[in-house]
Amino acid sequence: MQIARTKEELRAALAPARGRRIVLVPTMGALHEGHASLLRQARELAGDQGTVVSSVFLNPVQFDNASDLATYPQTPEADLDVCRKCGVDVVFMPTPEVMYCPDRSITLEETHLSTVLCGAKRPGHFAGVCLVVNKLFNLVQPTDAIFGKKDYQQLAILRRLVRDLDIPVCLHGAEIVRGEDGLALSSRNVRLTPEHRAAAPTIRRSLLAAREAYRAGKSASEVCAAVVSTLEAIPGVRVDYAELVDAETLHPQTDENRLALLAVAAYFGDVRLIDNIELTRS
Ligand code: AMP
């Protein structure tokens, strides 16, 4: 496995790989089993002849909250072990100084899907995501890239980025990996207090209950209200949003026969967790 810390090292590491499949998995590090599953899928997709590239970069531009960035876990040595075990060929591990020019002045804003859910709550977040992912696409020039459905809105926005800018890459969405208790794995889970860690699987349980209620004919607002009241019954928990939207447009449903998405973000103390579930009426 090669480790590239500069753009030049990355270009050199990828030179022999050009012309064959190159599969990119962007991450912010503090890798867990969710990331590992994306990396293994990348290895599978790339096969023996192709190349798997993982980026490990805590992108400051996508953080709207300075203390979230400052407390975000960083475990670079363990991350390299995970990458090695998953069969990654090249890890790109730049610093912010390597990644960005100090006087950078281009922004990349998606203006429809980013206005709702996390985008409405975290100003500038998705512009930062689009910027860094577009840079990674230009640097790596992957044939394929894999993103998790845990960040459902992110995946939808990146599909739009690729479509609207004609970026020649095929995006793949990977299923959410959960702990045995149902909690979606997240780098931020290690920051939960023991009490909040024990209570956090309630997010998943409330989403499963919502799926049943929706199937049984409850309205979108009833379903969302039940999620909010279940979660806010936990001491120290505040729901940032719980919304039922069209799974493709991410805006309020206009046709209940289409796939719906129930997305939730909740603060457990100062740790913000997200999860989602796809819903149908029958
Ligand atoms: P992050 O390091 O949080 O930016 O995540 C990097 C990639 O891993 C993103 O595409 C995430 O959607 C994905 N990811 C993070 N957690 C999970 C999970 N529990 N299951 C599946 N994918 C995940």
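A cavity, as I use the word here, is a set of grid points where a 1.4 Å probe fits but cannot get out. The model I examined is a predicted one.

**Entry 1: cavities**

I searched the whole structure for enclosed space and found two cavities of 30 Å³ or more. I recorded about 900 Å³ of space in the largest cavity and about 40 Å³ in the second largest.

**Entry 2: the largest cavity**

I looked up which residues surround this space. The lining of the largest cavity is made by 48 residues, and M28, H35, K150, D151 and Q154 are the closest to its centre. By class, I noted 26 nonpolar, 14 polar and eight charged residues in this lining.

I then asked which elements give two or more residues to the lining of the largest cavity. Among the strands I listed strand 2 (22-27), strand 5 (144-148), strand 8 (260-268) and strand 9 (271-279). Among the helices I listed helix 2 (33-46), helix 6 (117-121), helix 7 (125-140) and helix 8 (152-164). Helix 7 gives the most, with six residues.

I also checked the domains. Domain 1 (2-174) and domain 2 (187-275) each supply at least three residues to the lining of the largest cavity.

**Entry 3: the second largest cavity**

For the second largest cavity I wrote down the lining residues K150, L183, A184, S186, N189, I203, L273, I274 and D275. Strand 9 gives the most to this lining, with three residues. I noted five nonpolar, two polar and two charged residues in the lining of the second largest cavity.

K150 drew my attention in both entries: K150 is among the residues closest to the centre of the largest cavity, and K150 also lines the second largest cavity.

**Entry 4: cysteines**

I looked for disulfides and found zero in the structure. A disulfide is a covalent bond between the sulfur atoms of two cysteines. Why does C83 form no such bond? The closest cysteine sulfur to that of C83 is in C86, at 7.1 Å, which is too far for a bond. The cut-off I applied is a pair of cysteine sulfur atoms within 2.5 Å.

I made the same check for C170. The closest cysteine sulfur to that of C170 is in C130, 18 Å away, so this pair is too far apart for a bond.

Are C83 and C170 buried or exposed? I recorded C83 as buried, because its relative accessibility is 0%. I recorded C170 as partly exposed, with a relative accessible area of 37%.

Definitions and conventions: Residues are numbered from 1 along each chain as its sequence is written. This is a predicted model: local features need pLDDT of at least 70, side-chain atom pairs count only at pLDDT 80 or more; totals for chains, interfaces and linings use all residues. Side-chain values use heavy atoms; hydrogens and water are left out. Buried means under 20% relative accessible area, exposed over 50%, partly exposed in between (1.4 Å probe, protein chains only). On a 1 Å grid over the protein atoms alone, a cavity is a set of points where a 1.4 Å probe fits but cannot get out, and a pocket is an open set with protein on both sides within 12 Å along at least five of seven lines; lining residues have an atom within 4 Å of a point. Grid points are joined across faces, edges and corners, and a volume is the space filled by probe spheres set on the points. Helices (H or I, at least four residues) and strands (E, at least two) are DSSP runs, numbered from the N terminus. Ala, Val, Leu, Ile, Met, Phe, Trp, Tyr, Cys and Pro count as nonpolar, Asp, Glu, Lys and Arg as charged, and the others, Gly among them, as polar. Domain bounds come from an automatic or database domain assignment.
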